[in-house]
Amino acid sequence: MHELLPQAAARDGGAEPIHADIAAAGVGAFRGQDPAGWEQALRALDYIPVNYSSAWIDYQLAYQRGHGGKWLDLSLILHHDHRPCGVWPITYSVKDNRPSFTSQGLPLSPPLFVKDLPDRSRKRQVQNCLRLWQGVCASYAIAEGRSAESFAGQAARGMSEWHDQSLRQGAQAMLRHELFVDLSLDIETIKANFRKSYKSLITSGTRSWAVGEMTAGHPALWEEFRELHLQ
């Protein structure tokens with residue numbers, strides 16, 4: 001996670017002018033105006049994280065709006081040589097009179113780029129995005145900005161361009177470790193990596209629960225699951 005602390009300027013936190021400000025920056029086109037272009041750019045990525053999908057963005061926006069405040073989806077399809085070269089899920093919000101620039105209420109996700117984008121172009125795109133982020137924070141009196149990214153699968157490339165440039169501009173970096181399981185592996189391989197102290201607990205769980213895999217829709221079972229959470 002990175003923290004950038006821009007100088008705040010005295011500007012109204014109203015939401016409407018920001019569309020024009022971001023459009024004027026010339027970084028890219030809004031996802032809301034070209035949903036097909038967003039999907040096209042996603043398909044050209046090496047990997048599509050779920051929080052960059054339209055389904056995730058739309059769900060999170062609906063969730064945040066349900067809790068009040070003004071929320072604007074400003075997600076951008078980034079362009080290089082007049083072609084989509086990446087995606088950047090961004091949101092501007094004003095809640096309790098506090099303006100924020102986030103990714104649907106969560107720390108700002110970095111832009112992701114198509115796999116064949118040259119390194120020099122990638123660097124320039126990141127510079128443009130960071131400049132836009134800092135400009136929005138300064139113009140709309142946003143006191144702090146936070147971003148977060150995963151370094152999973154980046155060992156070959158090292159730290160991302162976003163991470164490197166953020167640090168060069170004075171960001172404070174915080175490292176957080178998370179554990180995930182690769183569900184594409186067979187169950188015996190997964191079990192072999194369990195810590196010994198947990199194996200007995202997991203085994204006892206299999207005796208308490210009937211575990212299965214759903215491969216088709218099951219409305220009645222899903223309704224039962226929903227009612228459990230409501231209770």
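In which sense do strand β6 and β7 pair, and over how many bridges? Strand β6 (residues 91-95) and β7 pair in the antiparallel sense, over five bridges. The legends below go through several close-ups of this predicted model.

**View 1. The open sheet has three strands in the order β3-β6-β7.** Pairing in this sheet is antiparallel. As background, strands of a sheet pair through backbone hydrogen bonds, in either a parallel or an antiparallel way. The edges here are β3 (70-73) and β7 (98-102), each of which pairs on one side only. Averaged over neighbouring strands and ignoring direction, the turn of one strand against the next comes to 10°. If you want a spot to zoom in on, try K95, which stands opposite R98 in β7. Helix α3 packs on the sheet, where it touches β3 and β6. The direction of α3 makes about 165° with that of β3.

**View 2. D96 sits in the loop between β6 and β7.** This residue is not a glycine, yet D96 has a positive phi of about 55°. For context, most residues other than glycine have a negative phi. Is D96 buried or exposed? D96 is exposed, as its relative accessible area is 70%.

**View 3. Two tyrosines pair up in helix α3.** Y59 and Y63 both belong to α3 (residues 54-66) and lie four residues apart, which is about one turn of the helix. A pair of aromatic rings is described by the distance of the centres and the angle of the planes. A search of the whole structure turns up six aromatic pairs. For Y59 and Y63, the ring centres are 6.5 Å apart and the planes are at 25°; with under 30 degrees counting as stacked, this pair is therefore stacked. Y59 is exposed, at 52% relative accessible area, while Y63 is partly exposed, at 43%.

**View 4. W222 and F225 make a tilted pair.** Their ring centres are 5.3 Å apart and the planes are at 35°, so the pair goes down as tilted. Both residues are in helix α8 (residues 219-230), three residues apart, and about one helical turn separates them. On the solvent side of things, W222 is exposed with a relative accessible area of 58%, and F225 is partly exposed with 41%.

**View 5. Ring pairs tie four aromatic residues into a cluster.** The members are W88, F101, W133 and W162. W162 belongs to helix α5 (residues 161-168), where W162, H163, Q165 and S166 are buried. Just after α5 comes G170, with a positive phi of about 100°.

**View 6. V136 is a buried residue of helix α4.** The helix spans residues 119-139, and V136 has a relative accessible area of 4%. Which residues does V136 touch, leaving aside those up to four places away in sequence? They are I18, I22, F101 and I142. F101 also turns up in the aromatic cluster with W88, W133 and W162. The C-alpha atoms of V136 and D21 are separated by 8.3 Å, although the two residues are 115 apart along the chain.

**View 7. A141 lies in the loop between α4 and β9 (145-147).** Here is another residue that is not a glycine but has a positive phi: the value for A141 is about 55°. A141 is partly exposed, with a relative accessible area of 31%.

**View 8. Cysteines, but zero disulfides.** A disulfide is a covalent bond between the sulfur atoms of two cysteines. For C129, the nearest cysteine sulfur belongs to C85 and is 8.3 Å away, and C129 is in no disulfide. C129 is buried, with a relative accessible area of 0%. C137 is buried too, at 1%.

**View 9. Zooming back out, the protein chain has eight helices and 10 strands.** Of its 231 residues, 34% count as buried. The chain exposes about 15100 Å², and carbon and sulfur atoms supply 54% of that area. Among contacts between residues at least 6 apart in sequence, 66% join residues at least 24 apart.

Terms used: Residues numbered from 1 in each chain as written. Predicted model: local features only at pLDDT ≥ 70, side-chain atom pairs only at ≥ 80, totals over all residues. Heavy atoms only, no water. Phe/Tyr/Trp six-rings, centres within 6.5 Å; stacked < 30°, edge-to-face > 60°. Buried < 20%, exposed > 50% of the residue type's maximum accessible area, 1.4 Å probe, protein only. Contact = heavy atoms within 4.5 Å. Areas by Shrake-Rupley, 256 points an atom, 1.4 Å probe, with all protein chains shown as cover. Pairing = 2+ DSSP bridges. Axes fitted to C-alpha atoms, helices over the stretch in contact; angles between N-to-C directions. Disulfide = S-S within 2.5 Å.
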